[in-house]
Amino acid sequence: MSTSHYIYCYLSILLCALAAANSDESNSISGNSKWYCESTDLCLEEDGQDEKPQGVRKEPRKYFESQNDCRLSCGKYGAIWPMPTGECSLSHERVHFDPWKVRFNVVAPNEATTQFLRETNRLFVSNLLKECHRNCTLTTSKEVLVKATVTDATLKLDWSTDESYRMVVRTTDTASFVDIRAATPYGARHAFETLSNLVTGSRSNNGLLMVSAARVDDRPFYPHRGLLLDTSRNFLPLRYIRSTLDAMATSKLNVLHWHVVDTHSFPLEITRVPEMQRYGAYSQAQTYSRADAVNLVKYARLRGIRILLEIDGPSHAGNGWQWGPAAGLGNMSVCLNQAPWRNYCVQPPCGQLNPINDHMYAVLKEILEDVAELGAPEETIHMGGDEVYIPCWNRTEEITTQMKARGYDLSEASFLRLWSQFHQRNLEAWDDINQRMYPSLSEPKPVILWSSRLTDPEHIEQMLPKERFVIQTWVNAQDSINRQLLQRGYRLLLSTKDAWYLDHGFWGSTRYYNWRKVYGNILPVDTKTGAMRQVLGGEVCMWSEYVDQNSLEARIWPRAGAAAERLWSNPKSSADLAQRRFYRYRERLLARGVHPDAVVPHWCVLHEGQCL
Ligand SMILES: *[C@@H]1O[C@H](CO)[C@@H](O)[C@H](O)[C@H]1NC(C)=O
Ligand SMILES: *[C@@H]1O[C@H](CO)[C@@H](O)[C@H](O)[C@H]1NC(C)=O
Ligand SMILES: *[C@@H]1O[C@H](CO)[C@@H](O)[C@H](O)[C@H]1NC(C)=O
């Protein structure tokens with residue numbers, strides 16, 4: 001391949017330089033290619049040989065300067081990812097504009113929401129600049145005037161937040177006008193994300209091309225559209241978490257589930273209990289300070305994303321908890337780093353909180369207090385609750401002795417009772433903290449737990465009240481537990497194990513799920529709607545045993561984007577119909593500095609419809 005490449009270079013140095021500059025881009029180097037949109041939604045390049053007889057076409061063909069230009073309005077949804085759920089109409093005409101000259105008019109009810117939208121405008125422009133192929137600056141450019149109107153004065157972001165928006169683009173002789181209307185600033189920011197999907201770099205000239213007229217009416221299908229990031233098994237430097245948030249914002253995902261600590265390490269600073277990080281972090285360099293976490297929460301919210309922290313327990317808690325005996329607080333975690341690990345846990349290193357130690361509850365409450373301060377007033381917490389290994393507790397004398405003293409036998413039922421008491425007690429602590437910290441909250445916040453032996457449908461109602469515990473299931477798609485928990489009135493988040501576990505395919509006998517499989521994961525039917533809804537949404541999970549910053553982005557992206565469309569649009573159509581928009585979405589991630597994996601040979605991207 002390199003030989004012919006060099007010969008070609010020799011023959012045509014100038015063209016080759018152009019090709020090298022644009023080596024990741026889709027257009028031929030001839031510079032005068034002509035693209036057109038087939039009646040379905042294929043963008044095809046006219047090579048001069050496939051000219052059909054003129055009589056066949058009723059109208060003259062509309063040509064575009066590039067594949068991406070064609071893609072902007074080809075098919076019902078053009079290049080918009082995830083696809084809008086309401087009306088979507090896109091003109092085939094373009095305006096040529098200079099992103100530096102876009103003007104914004106923000107109409108919002110107060111200073112905080114106005115400020116939020118100004119920041120959104122800034123992020124929007126910086127994303128536009130990344131689309132320019134050449135110099136962004138145009139000497140003569142039509143003006144683009146964007147007006148964004150939001151009506152709600154609140155910046156609250158939770159399951160009840162209205163993320164809908166309506167956007168109209170129209171163009172006159174003098175200017176283009178974009179009119180965005182949304183209830184909340186989060187809806188408006190999604191509109192800006194969509195607007196950026198109506199734009200592509202111009203090849204024939206400087207500046208950008210934008211669809212000249214459009215109407216989009218959009219709202220997400222699910223209120224919880226998440227990605228889990230695990231920073232305990234392997235630490236992730238902050239800038240990789242920020243780039244994950246950038247890519248999530250591009251995809252309209254709205255929850256970063258931060259599995260910040262686990263048995264392996266405790267990188268998060270807890271100001272009330274500095275021992276946690278001191279004993280638990282891999283190293284001083286592999287830590288998140290309180291300020292880091294606070295800034296990350298702010299960074300995320302500007303991108304329409306909540307950060308939901310998980311403090312896992314009673315299992316998956318070990319390193320960081322070692323200092324109890326020396327401090328006179330007893331064993332707060334038991335079976336800690338015990339060997340052989342198979343006798344004490346499901347994955348090394350072992351560690352499980354000691355449910356009979358009052359000091360452990362006091363320390364955990366201080367941790368919860370720190371977490372409550374980090375987040376927004378409405379934010380809740382994930383309490384973990386997966387994979388408790390009963391033999392660990394059963395082999396710990398201080399626990400079995402205390403159980404017997406309370407009149408418990410050592411049956412599984414007794415251990416489950418102890419386990420559910422652990423969650424109940426932490427829930428009370430959480431409620432107490434929130435009542436003091438945020439006295440204006442009208443209702444206690446629900447908390448989230450993983451599905452486990454404790455959430456088995458036959459006894460969950462005795463263990464965990466459905467008003468307070470939302471269950472995040474991580475079972476295979478065919479498992480009946482989702483249906484059974486829905487019947488019993490529980491609210492669910494879905495992390496379908498055989499589709500949305502992004503770590504699979506890299507260990508044991510697990511299989512890799514490609515983006516089509518991720519896309520095809522349809523969540524269980526919810527018979528309730530509105531505030532009564534039970535299926536809140538779901539999360540793709542990036543467990544970090546076998547990933548760190550060196551491969552993180554390619555492991556997550558663009559696959560998580562396939563889940564993003566599932567959660568935003570819940571499309572009835574298959575991945576086949578989404579593929580061309582998906583390839584364009586992947587290029588958008590690239591332009592924004594994310595490093596998504598390849599999903600198809602580039603030839604197939606260029607030759608739409610020929611690799612089915
Ligand atoms: C881009 O174009 C503008 C106007 O034509 C010019 O002033 C500017 O120097 C150019 N920038 C670059 C980096 O070429
Ligand atoms: C704490 O754990 C250690 C090591 O497993 C054990 O020797 C000790 O007796 C435990 N302390 C109590 C109070 O049970
Ligand atoms: C706990 O250990 C005792 C004996 O040490 C055993 O009889 C009992 O079945 C165990 N309980 C569970 C739930 O495994």
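**Exercise 1. Charge**

Task: State how many positive and negative side chains the protein has in this predicted model, and how far apart the centres of the two sets lie.

Solution: Begin with the counts: there are 68 positive side chains and 70 negative ones. Next, take the centre of each set; the two centres are 4 Å apart.

**Exercise 2. Overall dimensions**

Task: Give the secondary structure content, then decide why the protein counts as compact or not for 612 residues.

Solution: The secondary structure consists of 20 helices and 21 strands. For 612 residues the globule rule gives 25 Å, and the radius of gyration is 27 Å, close to that value, so the protein is as compact as a globular protein of that length. Along the principal axes, the C-alpha atoms fill a box of roughly 90 × 60 × 45 Å.

**Exercise 3. Burial and surface**

Task: Find what share of the residues is buried, and what share of the accessible surface belongs to carbon and sulfur atoms.

Solution: Apply the cut-off for burial, under 20% relative accessible area. By this criterion 57% of the 612 residues are buried. Then turn to the surface: its accessible area is about 25,500 Å², and carbon and sulfur atoms account for 51% of that.

**Exercise 4. Domains and contacts**

Task: Locate the domains, and describe how they meet.

Solution: The domain assignment places domain 1 at 67-218, while domain 2 is made up of 224-310 + 355-386 + 406-572. The contact between them takes 20 residues from domain 1 and 26 residues from domain 2. Their centres, taken over C-alpha atoms, are separated by 32 Å. For the protein as a whole, consider contacts between residues at least 6 apart in sequence: 74% of these join residues at least 24 apart.

Methods:
Residues numbered from 1 in each chain as written. Chains lettered and ligands numbered in written order. Predicted model: local features only at pLDDT ≥ 70, side-chain atom pairs only at ≥ 80, totals over all residues. Heavy atoms only, no water. Helix = DSSP H or I, 4+ residues; strand = E, 2+ residues; numbered from the N terminus. Rg over C-alpha atoms; globule rule 2.2 N^0.38 Å. Buried < 20%, exposed > 50% of the residue type's maximum accessible area, 1.4 Å probe, protein only. Contact = heavy atoms within 4.5 Å. Areas by Shrake-Rupley, 256 points an atom, 1.4 Å probe, with all protein chains shown as cover. Lys, Arg positive; Asp, Glu negative; His and termini not counted. Charge placed at Lys NZ, Arg CZ, Asp CG, Glu CD. Domains from an automatic or database assignment.
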